[in-house]
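Please open the model in your viewer, set it to a cartoon representation, and keep the selection tool at hand. The tour below moves from one selection to the next and says what is to be found at each stop.

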Amino acid sequence: KIPMRTHSTQEVTAHSTRTTKAMNKLAKAFDTLEGSASPDTAAGKSKEIPTTADVKLLYREALLYQQKDDLTKAQNTYRKILRIDPKNISALNNLGVIYMSQKRSEAAKRIFTKAINLNNDYVEPYYNLACLYSRSGDTSNSLNYLKKAIKLKNDVKNWAINDTDLVNIR
């Protein structure tokens, strides 16, 4: 799961306006890159190959969609991020959370496992797997992943206290 910070209407509006302009620019560059045989070919067509800053902008956009519960747009944006940066563990984790909410458990498990394989110190996919397994009634796997998450970050205990996804292991 991802912690969600609430934004004031002014913050969201200002962010959305800035983001929309930047996203239009990035979409054009990304379409050029995506339609090319290779990044080198894309560079010949456009000098605007997506950068780390572009990925960060896309990530903020995806989070905004997710906070607004527009999961289709969030999912598509996370996938776009992963086409640019397949090792983006935050995008992987959040895509897994969306799959969980869509009851696509196997897809979520694959995504969380991939995030763990890329960075085994990243606590969120362990915690999310604990939630996923608890929801399906697999208390053994749920407890195993919850223990791993707590070992990485003791504060996970506070996350788990009132998490309804973990009711099966209480």
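In which hand does helix 7 pass helix 8? Helix 7 passes helix 8 in a left-handed crossing, and since this is a predicted model, that statement, like those that follow, describes computed coordinates.

**First stop: helix 7 and helix 8**

Select residues 123-135 for helix 7 and residues 139-152 for helix 8, and look at how the two pack, at an angle of about 155 degrees and with their axes 8 Å apart. Angles over 145 degrees count as roughly antiparallel, and helix 7 and helix 8 are therefore roughly antiparallel to each other.

Now show the side chains where the two helices meet. From helix 7 the residues to display are Val123, Tyr126, Tyr127, Leu129, Ala130, Tyr133 and Ser134, and from helix 8 they are Asn141, Ser142, Tyr145, Leu146, Lys148, Ala149 and Leu152. Sorted by class, this contact of helix 7 with helix 8 comprises 10 nonpolar, 3 polar and 1 charged residues.

Centre the view on Tyr145, which, once its neighbours within four places in sequence are set aside, is in contact with Ile116, Tyr126, Leu129, Ala130 and Tyr133.

**Second stop: the nonpolar core**

Which residues have the most contacts inside the largest nonpolar core? They are Tyr78, Tyr127, Leu129, Tyr145, Leu146 and Leu166, in a core of 38 residues. To see where this core draws its residues from, colour helix 3 (52-67), helix 4 (71-84), helix 5 (89-101), helix 6 (105-118), helix 7, helix 8 and helix 9 (156-160), each of which supplies at least two residues of the core.

**Third stop: helix 3 and helix 4**

Keep helix 3 and helix 4 on display and hide the rest; the two pack at an angle of about 160 degrees, and their axes are 8 Å apart. That angle makes helix 3 roughly antiparallel to helix 4, and the crossing of the two is left-handed.

On the helix 3 side, the contact is made by Val55, Leu58, Tyr59, Ala62, Leu63, Tyr65 and Gln66, while helix 4 contributes Leu71, Lys73, Ala74, Thr77, Tyr78, Lys80, Ile81 and Ile84. By class, the contact of helix 3 with helix 4 has 11 nonpolar, 2 polar and 2 charged residues.

While you are here, select Glu61, which is found in helix 3. Is Glu61 buried or exposed? Glu61 has a relative accessible area of 8% and is buried, the cut-off for that label being under 20%. A distance drawn from the C-alpha atom of Glu61 to that of Thr77 should read 7.6 Å, although the two residues are 16 residues apart along the chain.

**Fourth stop: three loops**

Move to the loop between helix 3 and helix 4 and select Asp69. Asp69 has a phi near 65 degrees, a positive value in a residue other than glycine, and at 57% relative accessibility Asp69 counts as exposed.

Go on to the loop between helix 5 and helix 6, where Lys103 lies. Phi of Lys103 is near 60 degrees, which is again a positive value in a residue other than glycine, and Lys103, at 65% relative accessibility, counts as exposed.

Then select Asp85, in the loop between helix 4 and helix 5. Asp85 counts as partly exposed, with a relative accessibility of 29%, and its C-alpha atom is separated by 9.7 Å from that of Pro50, which is 35 residues away along the chain.

**Fifth stop: the segment after helix 9**

Which residues does Asn168 touch, not counting those up to four places away in sequence? Select Asn168 in the segment after helix 9, and the residues it touches are Ser134, Arg135, Gly137 and Thr139. Asn168 and Thr139 are 29 residues apart in sequence and 6.9 Å apart in space, C-alpha to C-alpha. At 41% relative accessibility, Asn168 counts as partly exposed.

**Last view: the whole protein**

Restore the full display, in which the secondary structure comes to 9 helices and 0 strands, following the pattern α-α-α-α-α-α-α-α-α along the sequence. Of the 170 residues in the protein, 41% are buried. Among the contacts with a separation of 6 or more, 53% are between residues 24 or more positions apart.

Note on methods:
Residues are numbered from 1 along each chain as its sequence is written. This is a predicted model: local features need pLDDT of at least 70, side-chain atom pairs count only at pLDDT 80 or more; totals for chains, interfaces and linings use all residues. Side-chain values use heavy atoms; hydrogens and water are left out. Axes are lines fitted to C-alpha atoms, for helices over the stretch in contact, and angles run from 0 to 180 degrees between N-to-C directions. Helices (H or I, at least four residues) and strands (E, at least two) are DSSP runs, numbered from the N terminus. Angles under 35 degrees count as roughly parallel, over 145 as roughly antiparallel, 65 to 115 as roughly perpendicular and the rest as oblique. A crossing is left-handed if the near helix is turned anticlockwise from the far one by less than a right angle, and right-handed if clockwise. Contact means heavy atoms within 4.5 Å. Ala, Val, Leu, Ile, Met, Phe, Trp, Tyr, Cys and Pro count as nonpolar, Asp, Glu, Lys and Arg as charged, and the others, Gly among them, as polar. A nonpolar core is a set of buried Ala, Val, Leu, Ile, Met, Phe, Trp, Tyr and Cys residues joined through side-chain atoms within 4.5 Å. Buried means under 20% relative accessible area, exposed over 50%, partly exposed in between (1.4 Å probe, protein chains only).
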